[in-house]
Amino acid sequence: MTKTRRQWLARARGAQTCPIRICRGPLIDETDGTGRASLRCLRCERRLAGICRDCPAPVEGSLGKAVRCARCKVVARQVAARRSELRDRDGRRRRARARYRANADQREKKAIYSRAWRARHEADVAKHKRREALRQSPSRLEYFRAYNAKRREQAPRGRGPSRFAPLLTAASMEFDTPTTQTALKIKANAHQWAKYHGHRIATRLDSFVGRTTVYMVQRARA
Ligand SMILES: [Zn+2]
Ligand SMILES: [Zn+2]
């Protein structure tokens with residue numbers, strides 16, 4: 001018995017799989033004709049004979065070290081890569097996001113590209129915004145609430161009181177709206193303001209005179 005064989009046997013005895021690191025094949029207990037028990041690793045025998053682990057082709061590489069033929073090597077590498085990809089996927093994604101967030105340079109590059117893309121695809125952006133707004137998904141609404149709250153906290157409104165503030169004490173206000181465009185704008189702004197504060201208002205456009213009136217219907221309960 002060779003020294004290598006003796007050493008192998010010493011490590012293999014009592015083990016479930018072959019002790020050789022590149023092998024780890026199943027061990028087989030055998031009894032020869034004379035009644036002596038012996039241990040075998042068919043995978044190692046295959047490797048030492050230079051036969052691919054997964055098919056009958058000869059191995060690629062040096063005899064005794066190489067485990068697979070060229071084709072099976074490619075497949076095995078793909079399988080291993082896929083398995084490693086699935087291992088702790090969330091953790092790796094989380095770490096990648098953290099690395100990206102910490103990298104101001106890369107973020108700036110991406111922001112420049114995104115701005116340019118949005119400028120080139122204005123119609124697409126508008127369509128997307130509209131669709132998202134109509135969808136009213138809870139997570140998005142939550143995001144906007146948090147975003148706006150943070151903005152308010154960072155930069156308290158520097159614009160002074162709203163131009164609709166007089167409505168808090170007066171029953172109505174009038175605005176010159178020479179064009180339909182300006183009338184629609186005043187109307188939209190007024191309703192936005194009322195919605196934000198919880199007031200009920202009404203608007204009326206006198207297109208003949210070019211004037212829009214905003215009425216306070218009911219103030220929000222304080
Ligand atoms: Zn083995
Ligand atoms: Zn093969």
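Here are some questions and answers about this predicted model.

Q: Which domains does the domain assignment give for the protein chain, and how far apart do the C-alpha centres of domain 1 and domain 2 lie?
A: The assignment gives domain 1 as 3-84, domain 2 as 121-154 and domain 3 as 165-218. Taking the C-alpha centres of domain 1 and domain 2, the separation comes out at 59 Å.

Q: What is the strand order in the open sheet of three strands?
A: Start with the edges: β3 (172-176) and β4 (200-206) each pair on one side only. The pairing is antiparallel, and the twist from one strand to the next averages 20°. With β3 and β4 at the edges, the order reads β3-β5-β4.

Q: Which residue in β5 stands opposite D176?
A: β3 and β5 (residues 211-218) run antiparallel and are joined by five bridges. Strands of a sheet pair through backbone hydrogen bonds, either parallel or antiparallel. Across from D176 in β5 you'll find R211.

Q: At about what angle does helix α8 run to β4?
A: Helix α8 covers residues 180-197 and lies across β3, β4 and β5. Its direction relative to β4 is about 175°.

Q: Which element gives the most to the largest nonpolar core?
A: In soluble globular proteins, nonpolar side chains tend to be buried together. Here the largest nonpolar core has nine residues, namely F164, L167, F175, A183, I186, A190, A194, I201 and V214. Four of them come from the top contributor, α8.

Q: Which residues does V214 touch, leaving out those up to four places away in sequence?
A: V214 is itself a member of the largest nonpolar core. Among its contacts are S172, M173 and T203. The full set is F164, L167, S172, M173, A190, I201 and T203.

Q: Is R24 buried, exposed or partly exposed?
A: R24 sits in the loop between α1 (3-12) and β1 (27-31). Its phi is positive, about 55°, although R24 is not a glycine. Most residues other than glycine have a negative phi. R24 has 13 other C-beta atoms within 10 Å, so it counts as partly exposed.

Q: Is Q136 buried or exposed?
A: Look in the loop between α6 (122-135) and α7 (138-154) and you'll find Q136, which has a positive phi of about 50° although it is not a glycine. The cut-off for this class is 12 or fewer other C-beta atoms within 10 Å. Q136 has 8 such neighbours, so it is exposed.

Conventions: Residues are numbered from 1 along each chain as its sequence is written. Chains are lettered from A and ligands numbered from 1 in the order in which they are written. This is a predicted model: local features need pLDDT of at least 70, side-chain atom pairs count only at pLDDT 80 or more; totals for chains, interfaces and linings use all residues. Two strands pair if DSSP finds at least two bridges between them. Helices (H or I, at least four residues) and strands (E, at least two) are DSSP runs, numbered from the N terminus. Axes are lines fitted to C-alpha atoms, for helices over the stretch in contact, and angles run from 0 to 180 degrees between N-to-C directions. Two residues are in contact if their C-beta atoms, placed from the backbone, lie within 7 Å. Domain bounds come from an automatic or database domain assignment. A nonpolar core is a set of buried Ala, Val, Leu, Ile, Met, Phe, Trp, Tyr and Cys residues joined through C-beta atoms within 7 Å. A residue is buried if 20 or more other C-beta atoms lie within 10 Å of its own, exposed if 12 or fewer, and partly exposed in between; C-beta atoms are placed from the backbone.
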